[in-house]
Amino acid sequence: MRYPDDEVEILDEEGKVIGAKKRAEIDRVKDVLHTTSIFVITPDGRLALAKIPPRPDEPTALSTGKLGATAATIIRKGQTRDEAALRGLTKELNLPDTSPTFLGENFERLPNNIRRLIASY
């Protein structure tokens, strides 16, 4: 697990903060997390691809060096969704000098009853 000591806020199904936990303590099914999902679109409307950089915390990650078009992050405690989106673009797609545009936010029930409040960019 990456960054097990980072704290993230735990939400209720209305999106209100009800507590915080370290990432290592998260119950991936019971806890509702606030996340971002970022799609990179070129000025002419095409999905952009970026080479995924190596990660110091996961030097043997299978995605390293491959092309990616999305980034996703868990929003850390005290961080805005915009800050988390920029962090994801920087770390996952090596696009640090971008200005992500917030598109909206939805509560989603994913497979295995995983619940997330997802901010889309």
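User: Which residues make the nonpolar surface patch of about 300 Å²?
Analyst: In this predicted model, a patch takes residues with over 30% relative accessible area and no salt bridge, joining nonpolar side chains (Val, Leu, Ile, Met, Phe, Trp, Tyr) within 5 Å and like charges within 9 Å. The areas come from the Shrake-Rupley method with a 1.4 Å probe, and for residues only the protein chains shown count as cover. The patch of about 300 Å² is made by Phe39, Ile41 and Leu47.

User: Before we go on, what kind of model is this?
Analyst: Residues are numbered from 1 along each chain as its sequence is written, and side-chain values use heavy atoms, with hydrogens and water left out. Local features need pLDDT of at least 70 and side-chain atom pairs count only at pLDDT 80 or more, while totals for chains, interfaces and linings use all residues, since the model is predicted.

User: Okay, back to that patch: where is the place of isoleucine 41?
Analyst: Helices (H or I, at least four residues) and strands (E, at least two) are DSSP runs numbered from the N terminus. With those names in hand, isoleucine 41 is one of the patch residues, and its place is in the loop between β3 and β4 (50–51).

User: How many salt bridges does the structure hold?
Analyst: Side chains of opposite charge can pair when their charged atoms come close. A pair counts as a salt bridge when a side-chain nitrogen of Lys or Arg is within 4 Å of a carboxyl oxygen of Asp or Glu. For this structure, the number of salt bridges is seven.

User: How many residues apart in sequence are the parts that glutamate 7 and lysine 77 tie together?
Analyst: These two side chains meet in a salt bridge, with N to O at 3.4 Å. Glutamate 7 sits in strand β1 (residues 7–11) and lysine 77 in the loop between β6 (70–74) and α1 (81–93), so the parts they tie together are apart in sequence by 70 residues.

User: And which of those two has a relative accessible area of 47%?
Analyst: Buried means under 20% relative accessible area, exposed means over 50%, and partly exposed is in between (1.4 Å probe, protein chains only). Glutamate 7 is partly exposed at 34%. The residue at 47%, also partly exposed, is lysine 77.

User: Is aspartate 31 buried or exposed?
Analyst: Aspartate 31 forms a salt bridge with lysine 21, and the closest N and O atoms are 2.9 Å apart. The pair links distant parts of the chain, 10 residues apart: aspartate 31 is in the loop between β2 (17–22) and β3 (32–39), and lysine 21 is in strand β2. Lysine 21 is partly exposed at 26%. Aspartate 31 has a relative accessibility of 8%, so this residue counts as buried.

User: What is the N to O distance in the salt bridge of arginine 46 and aspartate 44?
Analyst: Both partners are out on show: arginine 46 is exposed at 56%, and aspartate 44 is exposed at 54%. Their side chains meet in a salt bridge with an N to O distance of 3.3 Å.

User: Salt bridges that share partners join which residues into one network?
Analyst: One member is glutamate 13, placed in the loop between β1 and β2 and partly exposed at 37%. The full network is Glu13, Arg109 and Arg115.

User: What separates the C-alpha atoms of glutamate 108 and glutamate 13?
Analyst: Glutamate 108 lies in strand β7 (residues 104–110) and is partly exposed at 31%. Glutamate 13 and lysine 51 are 38 residues apart in sequence and 35 Å apart in space, C-alpha to C-alpha. Glutamate 108 and glutamate 13 are 95 residues apart along the chain, and their C-alpha atoms are separated by 9.7 Å.

User: How far are alanine 20 and glycine 88 separated, by their C-alpha atoms?
Analyst: Alanine 20 has its place in strand β2 and is partly exposed at 36%. Glycine 88 comes 68 residues away along the chain, with the two C-alpha atoms separated by 21 Å.

User: What is the phi of asparagine 94, which is not a glycine?
Analyst: Asparagine 94 lies in the loop between α1 and β7, and at 49% relative accessibility this residue counts as partly exposed. Its phi is positive, at about 60 degrees.

User: Which residue has a positive phi of about 65 degrees although it is not a glycine?
Analyst: Look in the loop between β7 and β8 (114–120). The residue there is exposed, with a relative accessible area of 66%. The one with a phi of about 65 degrees is asparagine 112.
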